[in-house]
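Here are a few short exercises to try with the viewer open. Have a go at each task before you read its solution.

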Amino acid sequence: MKSVLDDLPIRPVGEWAYDKIYRLVQYFGIFAGGMKNRWAALNYVEIGCGPGRCVLRENCLEIDGNALAIISNPNFSSLQKAIFIDASSRVAEILTARIGALGAGSIASAVVGDYSNGAALCGILKDLPEGSLTFIFIDPTECDVPFETIEQIVRDLNTDLLVNVSLGTDANRNLVSAILLLSHVKVREKYEAFLGKPGFCAKPEVIELAKLADHTALRRKFAETYKERLADIGFGYTDIQPVRHYYHLLFASRSEKGLEFWRKSCRIAPDNQQQLFQ
Ligand SMILES: C[S@@+](CC[C@H](N)C(=O)[O-])C[C@H]1O[C@@H](n2cnc3c(N)ncnc32)[C@H](O)[C@@H]1O
């Protein structure tokens, strides 16, 4: 499908995509506004960025995807660099055209990169300014970003992380069979690589939950394991927010301040309701 605005391809999404973009933009505003005077420079990186605009399947309404929502944000000009990465060269080409049309090319670029190749991503990120703070959003459609990639890309960077974890879709549909069916070796490997935890699927308590088909407890265990792994690499301040029942946004920071900003950004939900838990 093509955009009625710029005649470039757009990505069809469910209406819940709006909630994800809303949460991202709320946090981005607080991050950029609150951190710009504390760091030499700020950067935004998105891995799995898409073409920049989306269309809601339900009503054909066009909306900005993450990339254009960030570029259009009043705080975008506080960034030194915004790097949008996608495995698809066509997607990178389309987003490059959109970045050019918005006159944002001095800050933003769209490049081809594969999240299963951490070393290549490090090559893309190596020119981020020294002493800067980078907010990285990883937005895949399934739990297939190897943990090793995250370890590699954060090693030499000051970063806060947001990861879209497909607990309600991918994990909900496939985790039980990956654990119980010996033939599902590839899917099992995918989940264990995602967690960076070999042997997760063979743990007795995990097998027990799978046998009971206790999807809720299994998803919780999966998410808790992911948080523990992030803590292992220094990201001890984490929080997870659902996007309806489809996926979860997992925020992770090395600093308490990062988490404080994230929690602040979550006070108003996408439906404009105050969150009770705050
Ligand atoms: C959920 S969509 C992203 C949506 C986008 N962030 C937005 O807001 O419109 C996932 C994206 O990840 C990209 N992708 C899939 N596999 C990838 C990989 N191995 N490395 C990098 N990007 C990948 C897809 O091309 C797709 O654009």
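**Exercise 1: Polar contacts of the ligand**

Task: find which atom of Asn 66 lies 3.0 Å from a nitrogen atom of the ligand.

Solution, step by step:
- Start at Asn 66: a polar side-chain atom is what sits 3.0 Å from a ligand nitrogen. That fits a polar contact, a pair of N or O atoms within 3.5 Å.
- Move on to Ala 87, where a backbone N or O atom lies 3.2 Å from a nitrogen atom of the ligand.
- Finish at Asp 114: an N or O atom in the side chain is 2.8 Å from a ligand nitrogen.
- Now the cover: on its own the ligand exposes 600 Å², and the protein buries 85% of that (Shrake-Rupley method, 1.4 Å probe).

A word on the model: it is predicted, so local features need pLDDT of at least 70 and side-chain atom pairs pLDDT 80 or more, while totals for chains, interfaces and linings use all residues. Residues are numbered from 1 along each chain as its sequence is written, and side-chain values use heavy atoms, leaving out hydrogens and water.

**Exercise 2: Cysteines**

Task: work out how many disulfides the whole structure has.

Solution, step by step:
- Recall the cut-off: a disulfide is a pair of cysteine sulfur atoms within 2.5 Å.
- Check Cys 49: its nearest cysteine sulfur, that of Cys 54, is 11 Å away, and Cys 49 is in no disulfide.
- Cys 54 is in no disulfide either.
- The search of the whole structure finds 0.

Technical notes: A polar contact is a pair of N or O atoms within 3.5 Å; within protein, one must be able to donate a hydrogen and the other to accept it, and residues adjacent in sequence count only if both atoms are side-chain atoms.
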